[in-house]
Each structure stands twice: as C-alpha cells, then as structure tokens.
Amino acid sequence: MEAAGKRLGARKSIARHWQLYLVVAPPLLFFLIFKYYPMFNAVLAFKDYYVTKGIWGSPWVGFKNFELFFENPMFWSLVKNTMLISFYLLLAGFPIPILLALMLNEVRNHKFKRFVQLVTFAPYFISTVVMVSIIMLFLAPRLGFVNVFLNHMGLDSVNFLGNPGMFSSIYVWSEIWQTAGYSAVIYLAALSAVDPTLYEAAKVDGASRFQKIWNVDLPGILPTITIILILNVGSVMAIGFEKIYLLQNNLNIANSEIIATYVYRVGLLNANYSFATAVGLFNSIINLFLLFSVNALARRFSKSSIW
C-alpha cells in the first residue's frame, strides 16, 4: 500500500508540474545518452578489440593494456607533462578570476565596469583554432609582433613555440587571458548575493576598502570558491586536448605531449582502441581519486563540499 501510494503521488506530481519535467528532460537525456551510456564501453580497456567481433565479442585480456602503458618508456613523461601543465594552470589561473571579480565589484563607475567586463569576457568566445592561430601569429620567429618588438629593442628573435621550456607558460597564460573574464562572472554573481548589511556594519566600524574585501567579500564567496576549486582539481588530468594538440610541433613535443594527445595518436591514428581506452580510463580514475580527496578535505576543513 505504501509503495502504491508513492507511485500515485509521483504521478500526481508529474501531472501537476509536467512543464518542469519537460524542461529537465533534454539535459537529462543528453547526460544519459552521451555521458553515462558510453561508460559501459569502458570494458574495451580489458579486451583485445576486433572490429569484426565488436566490443562485447572481443576476447578478454585482463590488465594487459594497462601493463603495456605502465611499462611504456613514455609513461612517466606523459604523466609529468600532464600534471605540470594542469597544476600550473590551476595555481596561476584559479586566483586571477577571483581577484578580477573583487576589483570589478569595487568599481563605482558603471560604464567603466561594463567596458572591462566586455573586454575580459569577449576572448572566451574565440574558438580554439582561431586562438591558436593568433598565438602563432604573435609569436612567429620572424614576423610575429613579439619578435618584431624584441628586434626593435635590439634583442634577438626567439622561437617561442620551438622552445620546449616555454610551452607550458604559453599555454597557461593564453588560457588565463581567454577564460579569466568568463570565470569572474561566477564570482561576481556570488558577490551580488552578499548581505548588504554586512557592508554597512563594516562601514560603521570604520573598515577600509581592503578590510571590507578581506572580512566581508571573501567570506561571502568562500563556498563558491571551494566548490569551483574542487571541480577544477577533479578535472586536473582532463586538460584541454585541442589547444595543446594544435600548438604541438616536433621541437616542443618533449614537453607538450600529454595523456590526451597520446590517446589520440595511439587510439585514432594507430587504431589501437583497446590500449587507448585503457590509458583514458587510467586518466579518469586519477581524476576521480583527486575529486574525492579534495572534496573530503574541503568537507573536513570547511562547511562547503559537493557532497
């Protein structure tokens, strides 16, 4: 009887709020079809895939593909490059949108504030291919704007994209320039939800502008900062493939080859799908471990966490 009552209540809820369920249905179907259903095919990592036999008909090989990856001479190089670029981007790129949002929140000239938001937000809509083309044109060894400026100052030209040591900095700071304005919008929204009475109390207490930021703004957006930090750390191994792949060349490949580009070369170009799936699954497991670890730490030391 209790189960029948719950089913009847669910039907009534659907009938009463069918518009809301209709709105939720497309994104739910998207995640089920394109995110969750493909996870069943991760079994390919434990098989020797044959196109004629299909995924489920191919023979099992256990952890053979994982062992091949761990024994690969490139294993530590791939992990090192991926972690280096990812944590570099996290350490350099995570605080900048917060600082940008805090500074914009203090601007009282609305026209100037909107102009800065437009200038910082616009690069986010530049496609990856166009962004890489801009970087290549600016950093070209002979005719690039940067090298023309260096020559004008009496300095020699620098082959930026041909120097492996410069690759991570080029990627990270161009990524920050492109995404900082977009990321700052989230913090600006969080700042708009801070209780105005806290600012009034701080003003009565004679707090300076910096003290208001430190004691009112930052505590107000700390839950948002924590959640975004957890999500960023949880995707640290899933660094963008397209931009790195397009910026790669034979000169910087030693520092630019990451797990994502290696999976593409091995899996798609060499048609070694089982091995590439194993590498991708290993990458996802590391991300999952980092996500759980950072979430546990956040839950222990603060009141904010994903679950």
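**Exercise 1. Describe the span of residues 20-37 and then that of residues 273-298.**

Step 1. Residues 20-37 are 94% helix and 0% strand, where helices (H or I, at least four residues) and strands (E, at least two) are DSSP runs numbered from the N terminus. The end C-alpha atoms of this span are 24 Å apart.

Step 2. Residues 273-298 are 100% helix and 0% strand, with end C-alpha atoms 37 Å apart.

Step 3. The model is predicted: local features need pLDDT of at least 70, side-chain atom pairs count only at pLDDT 80 or more, and totals for chains, interfaces and linings use all residues. Residues are numbered from 1 along each chain as its sequence is written, and side-chain values use heavy atoms, with hydrogens and water left out.

Step 4. An unreviewed UniProt entry gives the feature "transmembrane region" at several places, including residues 20-37 and 273-298. UniProt positions follow the numbering used here, feature names are shortened, and annotations may be inferred rather than shown by experiment.

**Exercise 2. Work out how H6 and H12 are placed relative to each other.**

Step 1. The axes of H6 (residues 95-106) and H12 (residues 209-234) come within 11 Å and cross at roughly 130 degrees. Axes are lines fitted to C-alpha atoms, for helices over the stretch in contact, and angles run from 0 to 180 degrees between N-to-C directions.

Step 2. The two helices are therefore oblique to each other; under 35 degrees counts as roughly parallel, over 145 as roughly antiparallel, 65 to 115 as roughly perpendicular and the rest as oblique.

Step 3. On the H6 side, the contact (heavy atoms within 4.5 Å) is made by Ile98, Leu102, Asn105 and Glu106. The H12 side supplies Arg209, Ile213, Asp217, Leu218, Ile221 and Ile225.

**Exercise 3. Decide whether serine 274 and threonine 226 are buried or exposed, and list their contacts.**

Step 1. Serine 274 belongs to helix H16. Its relative accessible area is 4%, so serine 274 is buried; buried means under 20%, exposed over 50% and partly exposed in between (1.4 Å probe, protein chains only).

Step 2. Neighbours within four places in sequence aside, serine 274 contacts Leu44, Ala45, Lys47, Asp48, Tyr49 and Asn65.

Step 3. Threonine 226 lies in helix H12 and is buried, at 12%. With neighbours within four places in sequence left aside, threonine 226 touches Ala298, Ser302 and Ser304.

**Exercise 4. Examine alanine 271.**

Step 1. Alanine 271 sits in the loop between H15 (259-269) and H16 (273-301).

Step 2. Its phi is positive, about 55 degrees, although alanine 271 is not a glycine. Most residues other than glycine have a negative phi.

Step 3. With a relative accessible area of 45%, alanine 271 is partly exposed.
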